[in-house]
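Subject: Structure for you to look at

Hello,

Here is the structure I said I would pass on. Please open it next to the notes below and follow along.

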Amino acid sequence: MLSYLNTIQSKVDPAIFSRGVKLYLDGMVGNPVSLLIDNWRLYNVTGSAGSYEVKIPILHLTLSTKKYAMAADALTQSATCECPYYAQYGLCKHIVGVCASLDQEFGSKYREFDASEEILDNIFASQKVKTHRKWLETMDTLLSRDTGNYYYLDNISRTIKTEEGQHQPFFDELTKIVEVVIGDYSREKLLVRVILESILVGGQCWFDYWSEYFLQLDQYNQINLFKGLWKIYWVTAQIDYKEKLKSVFRNPVEQVKLEVFNELFLEFGLEKNIWLEYCFVAEYYSWLDENFENLDPLTLIRYAEIFPECREKVDLLILNQIKMWSDFLPTGEYGMVIEVFQEWGNRLGKGDFYSEALDYFRTNHPRKKKLLNQLD
Ligand SMILES: [Zn+2]
C-alpha cells in the first residue's frame with residue numbers, strides 16, 4: 001500500500017513535515033480541483049504567509065505497484081507549489097499538507113494495479129516530453145478554470161510557431177483534453193478564448209489544429225468564436241493562411257451568421273466596412289437583401305456580381321444615385337463618381353443605364369468632359 005505521507009516524509013525536513021501535517025489538521029488544505037490529464041489535481045493551501053497553489057499527481061492511480069519504491073522520487077520531481085520555500089528548496093509544508101489530505105481521502109482504498117506507468121515514463125523521459133507535459137498542464141489549467149492569464153499560452157504559441165512541425169506529440173496529447181472539453185458548455189467558453197489567443201499569436205499551425213473543432217462547439221460559443229476570428233481576419237493584413245481563414249466563415253449555420261453579423265453591427269456601427277465585408281465573405285446575404293434599396297453603388301456592384309438576376313435593379317439604383325450626385329456634387333469631389341463608373345463598367349459591363357448615367361453627368365458638368373472621356 002502507498003501512503004503519501006510516508007512517501008514524502010523521507011524527502012523533507014522533520015520540521016517541514018510536522019508543519020505540513022498541522023496545516024492539514026487545522027483545515028488549511030482546500031478542496032481539490034481535478035485536472036483533465038491523467039489524475040492530476042490542484043489544491044489551494046493556506047499557510048502562515050498566504051495561500052498557495054499545489055499541483056500534484058495522484059500517484060496511486062497511475063503508478064504501477066512495482067514502481068512504488070520510486071514514488072518518493074516521482075513526487076519530488078512532479079509535485080509543485082507556488083510558495084517561495086518551494087522555489088528555493090523543493091518539497092514544502094503545503095505539499096505535505098496535501099499528502100495528509102490524500103491519505104485521509106483514500107485511506108486503505110488505494111487501487112493497486114500494474115497497467116499504467118505513464119507518470120514515471122513521463123518523469124524520466126526526454127526534455128521535450130517534459131516540455132510538452134508542462135504545456136499540457138498549462139492547456140489543462142486554461143481549459144478548467146477562468147484564469148484570464150494567457151502569458152504561458154503565448155509563450156507556447158511562439159515556440160510552436162518558430163519550431164513548426166516539431167511538436168506533433170503535443171498536439172496528439174492535447175486532443176485528448178480537447179475532446180473532453182467539447183460538449184461541456186462552460187469549458188467550451190474557455191476553449192473559445194484559448195483558440196482565439198493561440199491563433200492570434202501562433203498563426204497557421206494553431207489554426208490548422210483548431211479548425212476541425214469550430215463547428216463542434218455549441219452554437220452560442222460558435223458566435224463568440226467566429227466574431228473573434230473575424231477580428232483576427234480583419235486586423236491581420238498579411239498572414240499566410242488568410243485564404244484558409246477566409247473560407248471558414250461560410251461554414252456555420254445561418255442562425256450563427258445572423259448573430260455574428262448583429263454583434264459586429266452593434267460593436268462597429270459606423271465602421272461599416274467591417275460588417276459589410278463580413279456579409280460577402282460569410283455569404284450572409286439577409287441583411288443586404290433587406291436593405292437593398294439603400295446600399296451604396298459599390299456594394300450594389302459586388303451584390304450584382306453574385307446575383308446576376310438583380311442586375312437591372314442594381315443598374316437602375318446606381319443610375320439614380322449618380323443623377324443625384326451629379327445634381328448636388330460640390331466642386332472638386334469627383335473621385336467617388338469616377339470610381340463608381342470604373343467599377344460599374346469593369347465588373348458589370350457598360351450597358352444602357354451606364355451610358356445614360358455618363359451622358360447625364362457629362363451634360364451637368366460640361367467642364368469635366370475630358371475627365372469622363374476615359375470612361376467611354
Ligand atoms: Zn509551498
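Which residue of β3 does T46 stand opposite? T46 stands opposite S51 in β3. Keep in mind while looking that this is a predicted model.

The sheet

T46 is part of a pairing between two strands, β2 (residues 40–47) and β3 (residues 50–57). These strands run antiparallel to each other and are joined by 8 bridges. Another facing pair in β2 and β3 is V45 and Y52. The two strands make a hairpin, with 2 residues between them.

The hairpin belongs to an open sheet of 4 strands, in the order β1-β2-β3-β4, with antiparallel pairing. On one side, β1 pairs with β2 over 2 bridges, in the antiparallel sense. There, S34 stands opposite R41 in β2. On the other side, β3 pairs with β4, again antiparallel and over 2 bridges. Here V54 stands opposite C81 in β4. As a general point, strands of a sheet pair through backbone hydrogen bonds, either parallel or antiparallel.

Which strands stand at the edges of the sheet? They are β1 (33–34) and β4 (80–81). Each has a single partner strand, so one side of each is left without a neighbour in the sheet.

Two helices

Next, find helix α19 (residues 311–328) and helix α21 (residues 352–364). Their axes come within 9 Å and cross at roughly 5°. An angle under 35 degrees counts as roughly parallel, and α19 and α21 are therefore roughly parallel to each other. On the α19 side, the contact is made by D315, L316, L319, I322, K323, S326 and D327. On the α21 side, F353, E356, A357, Y360, F361 and N364 make the contact. Sorted by class, this contact of α19 with α21 has 7 nonpolar, 2 polar and 4 charged residues.

Domains

The domain assignment of the protein gives domain 1 (1–124), domain 2 (126–284) and domain 3 (294–373). Between the C-alpha centres of domain 1 and domain 2 there are 35 Å. In the contact of these two domains, 5 residues of domain 1 meet 10 residues of domain 2. The side of domain 1 that touches domain 2 has 4 nonpolar residues, 1 polar residue and no charged residues.

Confidence

The mean pLDDT of the protein is 87, and 93% of its residues reach 70 or more. Where does pLDDT stay under 50? It does so over residues 108–125, for which the model has 32 contacts beyond four places in sequence. Where pLDDT is low, the predicted coordinates should not be read in detail.

Regards

How values were computed:
Residues are numbered from 1 along each chain as its sequence is written. This is a predicted model: local features need pLDDT of at least 70, side-chain atom pairs count only at pLDDT 80 or more; totals for chains, interfaces and linings use all residues. Axes are lines fitted to C-alpha atoms, for helices over the stretch in contact, and angles run from 0 to 180 degrees between N-to-C directions. Angles under 35 degrees count as roughly parallel, over 145 as roughly antiparallel, 65 to 115 as roughly perpendicular and the rest as oblique. Two residues are in contact if their C-beta atoms, placed from the backbone, lie within 7 Å. Ala, Val, Leu, Ile, Met, Phe, Trp, Tyr, Cys and Pro count as nonpolar, Asp, Glu, Lys and Arg as charged, and the others, Gly among them, as polar. Two strands pair if DSSP finds at least two bridges between them. Domain bounds come from an automatic or database domain assignment. pLDDT is the predictor's confidence in each residue, from 0 to 100.
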